[in-house]
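Welcome, and thanks for taking a look at this one. Here is a short tour of the fold, one of its helices and its pockets.

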Amino acid sequence: MAQRTRISTSVLLICAAIGVATGVLGGVAGWVTVPLLAALPVVYGFLLGVHVLPGIIAQELLRMPWVALTAHALAALVSSAIAPIYAAQFLGTALLFGAIQELVAAAVRYRSWAAWRFFVSALVIGVVVAAAVYFAAHLSTLPGWAQILYLVLSVLGPVAWTAVGLAIGAGLRRAGVGRSGGGRPGARGRPATGGSGIDPSGAGRTGAGPRR
């Protein structure tokens, strides 16, 4: 039987809270973009890495399908309200980063939530960021050492911000946030179905499970 997954109201509220908090940070990062590119362009890729936070926190906390994209979309709306001139960039980045995070999770069928899986998506995003900004910001005009530093920081940025997001998500889980809205381990490591927002026909398969 095909598995069905729905996002409950409580999960949406959690994603909204994550979206607001990270969206404010993303909006501030948007306003910093122009002066940063003028003064220190090599670190711009590192700054862009902050936009991985909505999906990382949502996935680490809730461990469910679609929460990364949902949190990213809501964060992009908040960021757009703060820095409307970058609305298109915020929405595009949200869709791209959220899709990468969802695809990596889907590749392991949303069953593995070990840290390595999050860092795989971070490295993929880092490579995308490095390539996109390199050409868009004409960084080829910089000295060779600056180009190398930019590439390194662009790849490491999403990785560093992913570590921050994992720490935040783990802290929220320990505090009990999301227990009534997201999946949580049940008996023998199987996801509990109560209040998880996951259709019972797919319980134990698409919900949150233990790290491995």
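## Before we start

A residue is called buried here when its relative accessible area is under 20%. Please keep in mind that the model is predicted.

## The overall fold

The protein has seven helices and zero strands, so the pattern along the sequence reads α-α-α-α-α-α-α, with helices numbered from the N terminus. Of its 212 residues, 47% are buried.

Contacts across the sequence are well represented: taking those between residues at least 6 apart, 74% join residues at least 24 apart. On the outside, the protein exposes about 9800 Å², and 72% of that area is supplied by carbon and sulfur atoms.

## A closer look at α5

Helix α5 covers residues 87–107. With 21 residues at 1.5 Å a residue, α5 should span 30 Å, and because its end C-alpha atoms are 30 Å apart, the expected and modelled spans agree.

Which residues of α5 are buried? They are F90, A94, F97, G98, I100, Q101, E102, V104 and A105. An α-helix has 3.6 residues a turn, so residues three or four places apart point the same way. That is a handy thought to keep while following the buried positions F90, A94, F97 and Q101 along α5. Just after the helix, R109 takes a positive phi of about 60 degrees.

## The largest pocket

The largest pocket holds about 430 Å³ of space. It is lined by 21 residues, of which Y44, L48, Q89, T93 and V133 are the closest to its centre.

Which helices supply at least two residues each to this lining? They are α1 (9–39), α2 (44–48), α5 and α6 (115–136). In character, the lining of the largest pocket divides into 15 nonpolar residues and six polar ones, with no charged residues.

## The second largest pocket

About 170 Å³ of space lies in the second largest pocket. At least two lining residues come from each of α1, α3 (53–62) and α7 (144–174), and α1 gives the largest share, with six residues.

The residues lining this second largest pocket are I14, A17, I18, A21, T22, L25, L53, I57, L61, I168, L172 and V177. They divide into 11 nonpolar and one polar, with no charged residue. Helix α1 is thus worth a second glance in the viewer: it supplies at least two residues to the lining of the largest pocket and six to that of the second largest.

Conventions: Residues are numbered from 1 along each chain as its sequence is written. This is a predicted model: local features need pLDDT of at least 70, side-chain atom pairs count only at pLDDT 80 or more; totals for chains, interfaces and linings use all residues. Side-chain values use heavy atoms; hydrogens and water are left out. Helices (H or I, at least four residues) and strands (E, at least two) are DSSP runs, numbered from the N terminus. Buried means under 20% relative accessible area, exposed over 50%, partly exposed in between (1.4 Å probe, protein chains only). Contact means heavy atoms within 4.5 Å. Accessible areas come from the Shrake-Rupley method with a 1.4 Å probe; for residues, only the protein chains shown count as cover. The expected span of a helix is 1.5 Å times one less than its number of residues. On a 1 Å grid over the protein atoms alone, a cavity is a set of points where a 1.4 Å probe fits but cannot get out, and a pocket is an open set with protein on both sides within 12 Å along at least five of seven lines; lining residues have an atom within 4 Å of a point. Grid points are joined across faces, edges and corners, and a volume is the space filled by probe spheres set on the points. Ala, Val, Leu, Ile, Met, Phe, Trp, Tyr, Cys and Pro count as nonpolar, Asp, Glu, Lys and Arg as charged, and the others, Gly among them, as polar.
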